[in-house]
Amino acid sequence: MTSPPPSRTPGEPPGATRNGLPAQAVPPLVPGREGRPLGIGILGCADIARRRFLPALARCRGVRLVAVASRDPARAAALAAPLGAAATDYLGLLRAPDVDLVYVALPGDLHEPWSVAALEHGKHVLCEKPLALSAASVERMLAAAARHGRRLLENLMFLRHPQHLEARAILAAGHPGAPSRLRCTFHIPSPAPGDHRLDPSRGGGALHDLGRYPLGAAWHLLGGEVMEVARCEVERQAGIITAVRAEAVTAGGGALSLSIAFGRPYECWYELGTAAGALRLDRAFTPPADHRCRAELRGPGGVEARWMPAHDQWVGAIEHAAGLAGSGLGAAEEDARSCALARGADRLMAAAGAPA
Ligand SMILES: NC(=O)c1ccc[n+]([C@@H]2O[C@H](COP(=O)([O-])OP(=O)(O)OC[C@H]3O[C@@H](n4cnc5c(N)ncnc54)[C@H](OP(=O)(O)O)[C@@H]3O)[C@@H](O)[C@H]2O)c1
């Protein structure tokens, strides 16, 4: 396999168009209350907060880490002190006046209670995926956000990456016609013993952990919610779903074929197709900030490789959330998407024979 070209072609200015598409618009930079940077608090010293969120936060504009909360005071202090942030417990963080937005990176079953508690304390919330374990739970959370006049956003970073718009544009130029089918695979090695993903009481399982990716891609690329599940094969182990293979139909009649699994070698790609041909995108959901994903346009004439733009999707997602939180603007598109993805997940759960 050939190696990708550098993130920017030599001589190419930042933000230049690629393959005829403008680079993604930078979200508005909006300060927090009283003109200061938006204050961020982290609920739980999660692996994802340490490895991804905090390094990305340091690269974001218009935001400032204010406090870190843990059930264990020593753990909060160890993470907060080097970053110049306060260490506290969960309720202390929600009561902190300089925290404007709370990043919730807890096991899935705790997303609703702690997001709602944060909203009730007047905070905006950026909650990790899956926003909740059922559509009813997502609706309750969004109702709380509306009641308290705050934003509640689901952290699905890949949707902020411009490579998906570009993939769709390349496909349209090569194989005209609306995208009508999406094949999507996301497999990961098994989480370590004791991980909340393996715990049925914590909202564990591959469908909750990985399902938002194909469902989100279908929403974004096929333009609609998964309405019908035509076929669904499931593997289970120790009370959780460890793998799902399913065929489903979206509201617009698009065909989604998905495979998600724990306990397999890492694999993360989708193939988006029209009646005439298809485009396959590798590393579709988790590209590092400087990584240009390889796409293959496939048709009767053969296969043509293209390189997607690099983009820091963590920074994009955090700045987007901070921009919405700080601006007071509504987030109708995000709200509708979170509800639609949760309903799609419920339908897959029902087809898998699991209670939603
Ligand atoms: N967007 C992405 O790319 C991405 C990637 C990975 C994970 N995630 C999501 O991020 C969230 C956290 O995942 P993670 O892998 O980072 O989890 P993790 O390392 O296990 O962290 C979860 C944190 O939740 C807190 N917690 C509170 N009550 C808990 C309980 N009863 N059991 C276990 N932990 C408890 C703990 O913090 P304290 O002990 O400090 O209170 C713990 O560190 C999940 O929703 C996951 O789906 C998203």
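# Exercises on strands, helices and loops

Leu110 counts as partly exposed because 18 C-beta neighbours lie inside 10 Å. The scale behind this calls a residue buried if 20 or more other C-beta atoms lie within 10 Å of its own, exposed if 12 or fewer, and partly exposed in between, with C-beta atoms placed from the backbone. The model is predicted: local features need pLDDT of at least 70 and side-chain atom pairs count only at pLDDT 80 or more, while totals for chains, interfaces and linings use all residues. Residues are numbered from 1 along each chain as its sequence is written.

**Exercise 1. Place Leu110 in the chain and in space.**

Step 1. Leu110 belongs to the loop between β4 (101-104) and α4. Such labels come from DSSP runs numbered from the N terminus: helices are H or I with at least four residues, strands are E with at least two.

Step 2. Gly203 is 93 residues from Leu110 in sequence, and the two C-alpha atoms are 8.8 Å apart.

**Exercise 2. Give the strand order of the open sheet and find its edges.**

Step 1. The 6 strands of the open sheet follow the order β3-β2-β1-β4-β5-β6, and the pairing is parallel. Two strands pair if DSSP finds at least two bridges between them.

Step 2. β3 (86-88) and β6 (152-155) are the edge strands, each pairing on one side only.

Step 3. From one strand to the next, the twist averages 25°.

**Exercise 3. Follow the pairing from β1 to β3, and state how β1 is covered.**

Step 1. Strand β1 covers residues 38-43, and 6 of its 6 residues are buried. Leu38, Ile40 and Ile42 lie on one side, Gly39, Gly41 and Leu43 on the other.

Step 2. β1 runs parallel to β2, and 6 bridges join them. Leu38 has Val63 in β2 as its bridge partner.

Step 3. β2 (residues 63-69) in turn pairs with β3 in the parallel sense over 3 bridges. Here Ala67 is partnered by Ala86 of β3.

**Exercise 4. Describe the other edge strand, β6.**

Step 1. Both faces of β6 are covered, with Leu152 and Glu154 buried on one side and Leu153 and Asn155 buried on the other.

Step 2. β5 (residues 124-128) pairs with β6 in the parallel sense over 4 bridges. Leu126 stands opposite Leu153 of β6.

**Exercise 5. Work out how α1 packs against α9.**

Step 1. Helix α1 (residues 47-59) and helix α9 (residues 313-327) pack at about 70°, and their axes are 9 Å apart. Axes are lines fitted to C-alpha atoms, for helices over the stretch in contact, and angles run from 0 to 180 degrees between N-to-C directions.

Step 2. This angle makes α1 roughly perpendicular to α9. By the cut-offs, under 35 degrees is roughly parallel, over 145 roughly antiparallel, 65 to 115 roughly perpendicular and the rest oblique.

Step 3. Arg52, Ala56, Leu57 and Arg59 of α1 meet Trp314, Val315 and Ile318 of α9. Contact requires C-beta atoms, placed from the backbone, to lie within 7 Å.

Step 4. Sorted by class, the contact of α1 with α9 has 5 nonpolar, no polar and 2 charged residues. Ala, Val, Leu, Ile, Met, Phe, Trp, Tyr, Cys and Pro count as nonpolar, Asp, Glu, Lys and Arg as charged, and the others, Gly among them, as polar.

**Exercise 6. Repeat the analysis for α4 and α5.**

Step 1. Helix α4 (residues 111-120) packs with helix α5 (residues 135-148) at an angle of about 10°, with the axes 9 Å apart.

Step 2. α4 is therefore roughly parallel to α5.

Step 3. From α4, Glu112, Ser115, Val116, Leu119 and Glu120 make the contact, and from α5, Ser137, Arg140, Met141, Ala144, Ala145 and His148.

Step 4. The classes are 5 nonpolar, 3 polar and 3 charged residues.

**Exercise 7. Find the buried residues of α2 and what they pack against.**

Step 1. In helix α2 (residues 73-80) the buried residues are Ala76, Leu79 and Ala80.

Step 2. They lie on the same side of α2 because they cover an arc of only 90° around the axis. The arc is that of the directions from the helix axis to the C-beta atoms.

Step 3. The buried residues of α2 pack against α1, β2 and β3.

**Exercise 8. Describe the surroundings of Lys129.**

Step 1. Lys129 is in the loop between β5 and α5.

Step 2. Lys129 is buried, with 21 other C-beta atoms within 10 Å.

Step 3. Lys129 and Asn155 are 26 residues apart along the chain, with their C-alpha atoms separated by 5.6 Å.

Step 4. Not counting residues up to four places away in sequence, Lys129 touches Glu154, Asn155, Leu156 and Arg212.

Methods
Two residues are in contact if their C-beta atoms, placed from the backbone, lie within 7 Å.
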